[in-house]
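Q: Here is a structure I would like to go through with you. Please take a close look at one part of it and walk me through its surroundings.

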Amino acid sequence: NLAAEQFTNTNPNYANVVFDETDGYQKIDKATMSVKAVDYEGAYDGNSHEGGVNNKAQMPSGTTYSYSVIRADGVETWLDEPPEIKDVGEVEYLVKATNPNYLDATDEGTLKVTPKAVTVTAKNTGKIYGATDPEYFNAKVEGLLGDDLVAFTIGRAIGEDVGTYAITPSGEATQGNYSVTYVPGTFTISKAPLTVTTGGGS
């Protein structure tokens, strides 16, 4: 839609240039752009971790973004908000950048949360030979967040003679958002005092 009067001769070597208007047009093709999705991988920390665009500051002005979680059936559902992850697992997603002056650009990102390490360590204890075992054995649990719990039991090796016996905590190695390691303790049976009473004689 350009008219002849819109053109001006700027070459000093030519004078009296006449522009002839012929049917035609100027086409401006869309440029290309590149978008980079946010990746995340870390141990469970109780927080949500969000996907998104890693190079948003370098993207052309006026660009908008949409996101679709990658599904096994291949169905794409595009949303304005990026996906997020909190619990142990993995989310793969697509980000699409759209701009009226550029070709759409897409990239794939991954959000991954791995189990947090927890250690259950049996507390050392013992008794005097001939005494009764304590009603409960205790353990120190390290690595849990907030009010979270892991399930385990504690028992000791059989034996009543003087010596040392293993106190062993046990349970599932993987519990929810945690990977649990169990550390044994020691149960010590000590010698009992021996009292000797002598009798009088005549």
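Let's start with strand S13: which residue in S13 is the bridge partner of Lys116?

A: The bridge partner of Lys116 in S13 is Tyr178. Before going further, a word on the basis: this is a predicted model, where local features need pLDDT of at least 70 and side-chain atom pairs count only at pLDDT 80 or more, while totals for chains, interfaces and linings use all residues. Residues are numbered from 1 along each chain as its sequence is written, and side-chain values use heavy atoms, leaving out hydrogens and water.

S13 covers residues 178-183; strands here are DSSP runs of E with at least two residues, numbered from the N terminus. Strand S7 (residues 116-122) pairs with S13 in the parallel sense over 6 bridges, and pairing requires that DSSP finds at least two bridges between two strands. Strand S12 (residues 174-175) also pairs with S13, here in the antiparallel sense and over 2 bridges. Gln175 stands opposite Tyr178 in S13. The hairpin of S12 and S13 has 2 residues between the strands, and Gly176 takes a positive phi near 60° there.

Now for the two faces. In a regular strand, side chains alternate between the two faces of the sheet. In S13, Tyr178, Val180 and Tyr182 make up the covered face, and Ser179, Thr181 and Val183 the uncovered one.

Val180 leads us inward: this residue is listed with Val35, Tyr65, Tyr93, Val95 and Ala97 as having the most contacts inside the largest nonpolar core, which has 24 residues. Such a core is a set of buried Ala, Val, Leu, Ile, Met, Phe, Trp, Tyr and Cys residues joined through side-chain atoms within 4.5 Å, with buried meaning under 20% relative accessible area (1.4 Å probe, protein chains only). S3, strand S5 (89-99), strand S6 (102-114), S7 and S13 each supply at least two residues of this core. S5 gives the most, with 4 residues.

Val95, another of the core residues with the most contacts, touches Val35, Ala37, Val53, Ser66, Tyr67, Trp78, Ala105, Thr106 and Asp107, leaving aside neighbours within four places in sequence; contact means heavy atoms within 4.5 Å. A second, separate core of 6 residues includes Ala122, Phe137, Tyr165 and Ile167.

One last stop is Ser68 in strand S3 (residues 64-69). Ser68 is buried, with a relative accessible area of 2%, and touches Glu76, Thr77, Trp78, Tyr93 and Leu94, not counting residues up to four places away in sequence.

Notes:
Buried means under 20% relative accessible area, exposed over 50%, partly exposed in between (1.4 Å probe, protein chains only).
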